[in-house]
Each structure stands twice: as C-alpha cells, then as structure tokens.
Amino acid sequence: MENFEKTRFVFTPARIGRVAFLLLALGLVIAAPLRGRAQEWNPQRLGEPLLRDPIWVYNDWSAYDELSDRIPLTEELAMRELAQIVRLQKFGVHFDYYMMDAFWFDPDGAYRQWRKPNWPNGPAQWIAECRKNGILPGLWFSTNTLVKINAAPQWQDSLNKNKGSMSFYEGGFLPDFMTVLQYWYDRGIRMFKFDFVDFAAATPPSENTETPQEISGRNQNAFREALLKFRQKNPDVILEGFNGFGGDVESTDLPLPFQHPVDLRWLEVFDALYSGDPRPSDVPEMNFWRSMDIYSDHMVRQYERSFLPLERIDSTAFMIGNTGTIYYRKTNAWQGMLLLMVARGGWINTIHGNLEFLDDQQARWFAKVQSMYAPLQAMGRTKTFGGTPGEVKPYGFGSFDTQGAVFTVVNPGQTVEEIEMPQLSRVQQPLSSGRILFRDAGFKPILSGNKITLGPGQMAAVGFGTYANAKHDLGIQEDVRIPLSIRPVAAQFQSADSNAVLATIPPPAEGDLRIILQQRGKDGRLMRSWPGGPPDGVHVGKVLVLQATQGGKSIRIEINYDKLIWSGLSWAVGEIRHAAMHAGEPITIRCSSTEKNSVTLDCKIYAVQY
C-alpha cells in the first residue's frame, strides 16, 4: 500500500477485498465495486438500513412550547425560522430537513387538516419554501395517543376504555393512520417523527381477555409491519421514534437493564431513536447547563449499552429559546451543547429552537463545528470511553478518521481529574502532539500526550493528527467558568428539623464556599422534587433550599438552579463569595427540603477559587 499513490493500481478481486477490509477497519464504507474509475456517491446503491449519510435537522420546538408554556405554533413563527435557516446558510450552516413539531394539526381533522387560525392557508407555502431552499419538510405525530387531537370517526372502534389512545391491531385506526402518512408523503413530507406511543392500548374486549404482554406485542408487531411496508413504498423517507419506544429517561440514577427495554427490531424501521428530552441530570453542577449536558451524555451511553449503535441514537440535546421546555435557557452555554451533540456520534443531528438567537459570528462558529465533524461523522467512527456520566466519573467521546481524531471529554465531578484519551482503533496512529481546540473558561486543562487534566465540571475538545491544527480552534466558552482550584471542607452536618441539616464551619482564608445538596428517597436512590413546571409551577429553589448565616445575619448564596423545572431536580448547588464572609466568625450552613415525606439529604462543602 505504500506505493498506492505512486503507481497505477490495478483492482484485482483479491486486492479489492484487502482494500475493503482496510477501509472498513477505519470506519469507511465502499458503496459499490470500482470498475475502472471512481463512481459518484449514490444513496440508492447503498445497503439498508437506513440513513445513507448523517443529516442535520431543524426542529421548531422550543421556539414555541404548548406543553410547559403558552407560546403557540403559528405559520408566522414557522416561516420566521425558515427565513433564519436561509440566513444561516449564507454563513455555511447546513440543514437537510425542517421538522414541524407538535400541534400543527386541527384537533378535528384526523391529521389531514392544519390548525386554524394559526395556519389559515394550510402548509402549502411552508412546504414550497422549504423545497425552494433545498430543505425537506417533516411532521410530528402523537402516534396512537390523543394529545390535543380528537378521535376521528374511523378511529372509534380502536379506542381503549379511557378513550385516550387507540389499538394498532384492532379497528380502523392503523389503516387510516398509514393513509395519513402516505397523504403527507405525496405532498412533499419526507421525515416523520413518532411521539407518545402507547403500546398498552387495547379495546375493552381485548383488555378483558389478553395479558398486557400480549397486547403490547401485538401492537408493536402491527405498527412495525405497517412502517416496514411504508418504507418499502417510500424508500427515501426518514422515520424517527421518540417517547414510548423503550428506555428509562427520567433519571440518570437508574440501573441497566432498562425497566422498559428497547426492542432492537425497531431499528428495522426507524432511522434513529431518541434518548430523552434535555433536562438536568442527577449530577449536581454549579453551572445548571452543564448538568444538562451530562444528562444527554449519560442517556446516549445507556442506549448504547442497550445495544443501539451510536449512529442510531438522537440525543435531542440542542435546544435554544426562551420557553419553559428548556427552562428559559436562551443561548446559555450553547457552544458546549452543540459540540457535545456532534461528538456523541448520532447521524441525526437535530437543532431546536430560535435560530434568530444566533448572530452572524455565532453562525460562523456553528458552521465551523459542522464542517470539522462532517468527515468524522460520515467517513469515520465514534466511540465512547471512560466512566459513566451519571456515576460522576470522567468520560468522553472520540471520533476519528484516516486523518486524525477529535476527543470531547467531560469531568462531571467536584475534583480536578485526569482522563486518558485511548487509541480508538488498532489501525489508528498513536496519539501524540495533540491540541486543545475548545474549553470552558477558568481552569486551563493540562494536555500531556494522550492524557488531559480537567477542572471540576469541565469539558474540553482535543484534536490529534490533522485536527491538531490552529485552523480547527474553537476558542473558550466564556459563559461556563470552572474554578482554578477546589478542595473539600470538613463539615459535620447534623439533623435540624424535618428534612433539614445544619453544619457550622470557619470561613475559608481565601476563595469562595461551594455548597452541594443531594436528595435521596427511602430506597436510597437520588430523588427528584417535582414542584410543578412552567408556566404556573413553583421554582425548585423553594423546595430544595440552601441557606447561610454568619453572626446571626443571612449571607447571600449565588445559585442558578432555582428554575421552573418540568422534569424535577434532585440537587441544589450554590456559592458564597469570599467578599460576603467575615474572617474569624463561624458560618452556619442549612440545607433543607420541603418534601412532605422523609428524605435523606447528603450535603458537602468545598472551597473554590476562580
């Protein structure tokens, strides 16, 4: 092979086999035998299943929110975001699909009519403008559950007893639903998102005569077979499964195997399955958004350990906007969120929310990340390494191709930690002469060979080979600041009142105090409090409470977890600035929960310096 570029290479069958083996070892795919000259990439010549190449999807959810907020989906909003896609394209940002998310439909239209007055003229203009700009449109469905839609007459004989969902294997629902999908495919829709599926749905007679396992099995088989036929008729369609297709996504403190296992036969029909809507993990972080990064990292790892290929997992982690579904995040820590999304290796890269929140300079940064990862996703491989995110051990994702590698690493703990970036393949070149491409502000990671030292709660990206080049530098994420140093402070917490503990400590000679509370239920597992999500819920800071006094007076504790959180929270983190404390006078820290039932509160204190 050393003379490959110097001589004319004759492709004998034996040589084709050897070349194919080497390319496959490097994560590349030969689409078709070479016969004298290179052939163009042709998706129709590639094997099933399913996606032929990584894709980028824009989804307008979180620009609006009709579940945990009151911002409706309208044609004006949808077209505004389409105009933003066109704007971003000028800076090199690439999108393949535009997914119209939940509640586009008329409640009485059986998924055939769009909701008025929000869409007075229907979707024709949106579909036409998408295609005019090289974007393929997609639609969301609540599958067989009645979420903001009423049962059509042809669905009535499929309804379950409480009339909230329909059986797939009984009555007229499934045949009509498949007709609906074909109806929209024929009008230009090329991607379908299936959410809120209920495989326990059965008509009252079946509920009385069949076991839950029989009902679930028959439902899944019926829907899967129908989707297979739909794919065969429409081979260019993209199908994705969301809530209800397996997995436990409520917490990062749940063991494997999943209580609700993923049936891998869904990979026969879905291009990808999602791994949970973004939410805080059960790993406490001073920066709330980093805890959300850790949630998505953890869930991707859990699905991978349940035997889903990384390419087939949509982490659904990137959402910007000012709605309750993302805790009014806006663009906080958006760079790390984007970089981790592509680093996880999924082939459906979904961008949610208000694209107008990204200015021109941010658009250029976005495009740079896309272009760097384009060969890594399409022609390379991604592998996971390190510990489990939810178990608070350093971890990472490594992507490599024939030219080099990019490692994205995270230290979720409250200590400075070193993590080794392993060789990802035995045919990969040894890792040396790397370059830190991206990091959080504050603590400066230390790179030594294939090892990197990170501060508490820090993420970084490291390039090797061709990626260890200044042209790939992505800068510093200034809105995530990591302490320069951290050390535990000895503190004996004692029970005070019901669900409250106290500790008294001397103030540190220098630096700030970080207080961490974690809440556990009677089973010993981390337990989330659910005071109610937006818009009418209660801020979680009123349930998980941190307080400090010195000399009988309250001291201000800086926090950023005090949000309306629809998904619940099991922890609280806050910091007392050094300037707020008086030397030589003890400080009393009180951690408490307003949960009605008895809980265990684990509290720790650290001294940090920025």
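## A tour from the surface to a pocket

Start with the whole protein chain shown as a surface: it exposes about 26,000 Å², and carbon and sulfur atoms supply 51% of that area (Shrake-Rupley method, 1.4 Å probe). You are looking at a predicted model, where local features need pLDDT of at least 70 and side-chain atom pairs count only at pLDDT 80 or more, while totals for chains, interfaces and linings use all residues. Residues are numbered from 1 along each chain as its sequence is written, and side-chain values use heavy atoms, with hydrogens and water left out.

Next, switch to the C-alpha trace. Along its principal axes, the trace spans about 80 × 70 × 45 Å. Now colour by burial: of the 610 residues, 57% count as buried (under 20% relative accessible area, 1.4 Å probe, protein chains only).

Change to cartoon view, and you can look for nine helices and 28 strands (DSSP runs: H or I of at least four residues for helices, E of at least two for strands, numbered from the N terminus).

Now select G244, F245, G246, H260 and P261. What do they surround? Of the 25 residues lining the second largest pocket, these are the closest to its centre. A pocket here is an open set of points on a 1 Å grid where a 1.4 Å probe fits, with protein on both sides within 12 Å along at least five of seven lines; lining residues have an atom within 4 Å of a point.

Finally, add helix 6 (212-233) and strand 6 (272-274), each of which supplies at least two residues of this pocket's lining.

Conventions:
Buried means under 20% relative accessible area, exposed over 50%, partly exposed in between (1.4 Å probe, protein chains only).
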